[in-house]
Protein chains: 2
Amino acid sequence: MQSTEIDKLTKLIAKLPALGTRSARRIVLHLLKKKESMLVPLIAALQDVSEHIKKCPVCGNFDTQDICNICRDTTRDTGVVCVVQDVADLWAMERVGIYKGQYHVLGGILSALEGITPEDLNIEGLFERLRAGVIKEVILALPATIDGQITAHYLLARLKEQGIKVTTLAQGIPIGAELDYMDDGTIQLALSARKEL
Amino acid sequence: MQSTEIDKLTKLIAKLPALGTRSARRIVLHLLKKKESMLVPLIAALQDVSEHIKKCPVCGNFDTQDICNICRDTTRDTGVVCVVQDVADLWAMERVGIYKGQYHVLGGILSALEGITPEDLNIEGLFERLRAGVIKEVILALPATIDGQITAHYLLARLKEQGIKVTTLAQGIPIGAELDYMDDGTIQLALSARKEL
């Protein structure tokens, strides 16, 4: 008995990550009730993003400029590149705010299960950037999952051939975590990589 | 380091029900990655809803027509009106599909805590509809909360003055529920309203 317009919108919103039909219905109703304060500004903001945001051809970040503001920032260290799986990881690193080098977004990680090969990722773009000879260190900030580590090993082997310094984020117990709730693998790893105080 | 366009959109989406900053970021990224298959259709669907959907002046439902399709449906029983708190409840009733009468959306319930008085709700609209003399029964399908029951009692008193038959949804143990997990009040109520088989 809902109109097709509402139905269509509900189905589209339900497809967004972390949402389902029930939450989509609540969102649509909320938008209908707050048309002037929510629906109209939301449409304008979506249009703005749709029209102005593009993918940076150098690193894969999203920005208004053709070359993103991180790649163009001359105060940042061009000798270090942090390789991440996704733009979300780049945003997470930027929120912390202590990293002052460049990024390279792979757009995914290798996965035998999902059939993702090196050709599907933005890997050649990374090696093309290395060819200029400016980059001295590559930080692999990939997920601490099996696929993430396989991707890191693949990149490590190819980067070593080129004589580039390769580092990775430290692994261990995260701040605020209780040992009791940590998985065995992390505890094992943190124990074997223990540091003297 | 995110562009202001992305930031603005993220903040708007984070204000939607059941969403926060983290899920909003994931949604924005998803929309950016699937521009043609998600972002563009979503903008179109939102615009469609924004342009075409209006509130029915009779019952408070949302529809494309000035008078909604439920109010205009001549196959439905015009002698029964089901009073609900919100359009979401109307939709829930319609999904079940067995109710064939009319609706009346209050747009909220009375609340001493939130300062919601009868004037803030679409209550006068209900009594105006009753004046035509067609409606013989009012079903109060309001929340089984204290505020919901206070609202029901308020309406009951006023409806009784007019000699209208007033009913309410049955209360008890929901289908599939385990007694062990039910609250004491519901068990008490279900026991005192027990039926002979």
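Which residues have the most contacts inside the largest nonpolar core? In this predicted model, they are I13(A), L31(A), L46(A), I13(B) and L46(B), within a core of 76 residues. As a bit of background, nonpolar side chains in soluble globular proteins tend to be buried together. I13(A) gives a good idea of who meets whom here: leaving out residues up to four places away in sequence, I13(A) touches L19(A), A24(A), I27(A), V28(A) and L31(A), plus L42(B) from the other chain. One of those partners, L31(A), is itself on the list of residues with the most contacts inside the core.

Next, the relation between the two chains. Chain B lands on chain A after a rotation of 180° with 0.0 Å of shift along the axis, and the RMSD of that superposition is 0.1 Å. The two copies are thus related as by a two-fold rotation axis. The contact surface follows suit: both copies use the same one, with 100% of the contact residues of chain B recurring in chain A. Within chain B, the residue that comes closest to the rotation axis is I43(B), whose C-alpha sits 3.0 Å away.

Now for the sheet in chain A. Four strands line up in the order β4-β3-β5-β6, paired in parallel, and the sheet is open. The edge places go to β4 (102–105) and β6 (165–168) of chain A; each has a single partner strand, so one side of each is left without a neighbour in the sheet. From one strand to the next, the twist averages 25°.

Strand β5(A) deserves a longer look. On one flank, β5 (residues 137–141) pairs in the parallel sense with β3 (residues 80–84) of chain A, and five bridges hold the pairing. Among the bridge partners, V83(A) goes with L140(A), while C82(A) goes with I139(A). On the β6(A) side, the strands again run parallel, this time joined by four bridges. There, V138(A) stands opposite V166(A), and I139(A) is across from T167(A). I139(A) therefore has C82(A) as its bridge partner in β3(A)'s pairing with β5(A), and T167(A) opposite in β6(A).How buried is β5(A) as a whole? Five of its five residues are buried, so β5(A) is largely enclosed by the rest of the structure. E137(A), I139(A) and A141(A) point one way from the strand, V138(A) and L140(A) point the other way, and all are buried.

Helices pack against this sheet too. Helix α5 (residues 87–96) of chain A lies across β3 and β4 of chain A, and runs at about 160° to β4(A). Helix α7 (residues 146–161) of chain A also packs on the sheet, where it touches β3, β5 and β6 of chain A. The direction of α7(A) makes about 170° with that of β5(A). Together, β5(A), α7(A) and β6(A) make up a β-α-β unit, and a right-handed one.

Two loop positions round off the picture. In chain B, P118(B) belongs to the loop between β4 (102–105) and α6 (124–130). With a relative accessibility of 21%, P118(B) counts as partly exposed, as the cut-off for buried is under 20%. Setting aside neighbours within four places in sequence, P118(B) is in contact with L110(B), I123(B) and Y154(B). L155(B) is 37 residues from P118(B) in sequence, and the C-alpha atoms of the two are 9.6 Å apart in space.

The other position is A18, and it turns up in both chains. A18(A) is not a glycine, yet has a positive phi of about 70°. Its place is the loop between α1 (4–14) and α2 (21–33) of chain A, and at 59% relative accessibility A18(A) counts as exposed. In chain B, A18(B) likewise shows a positive phi of about 70° without being a glycine. A18(B) lies in the loop between α1 (4–14) and α2 (21–33) of chain B, and is exposed, with a relative accessible area of 59%.

Technical notes. Residues are numbered from 1 along each chain as its sequence is written. Chains are lettered from A and ligands numbered from 1 in the order in which they are written. This is a predicted model: local features need pLDDT of at least 70, side-chain atom pairs count only at pLDDT 80 or more; totals for chains, interfaces and linings use all residues. Side-chain values use heavy atoms; hydrogens and water are left out. A nonpolar core is a set of buried Ala, Val, Leu, Ile, Met, Phe, Trp, Tyr and Cys residues joined through side-chain atoms within 4.5 Å. Buried means under 20% relative accessible area, exposed over 50%, partly exposed in between (1.4 Å probe, protein chains only). Contact means heavy atoms within 4.5 Å. Copies are superposed by least squares on the C-alpha atoms of residues with pLDDT of at least 70 in both. Two strands pair if DSSP finds at least two bridges between them. Axes are lines fitted to C-alpha atoms, for helices over the stretch in contact, and angles run from 0 to 180 degrees between N-to-C directions. A crossover is right-handed if, with the strands pointing away from the viewer, the path from the first strand over the helix to the second runs clockwise.
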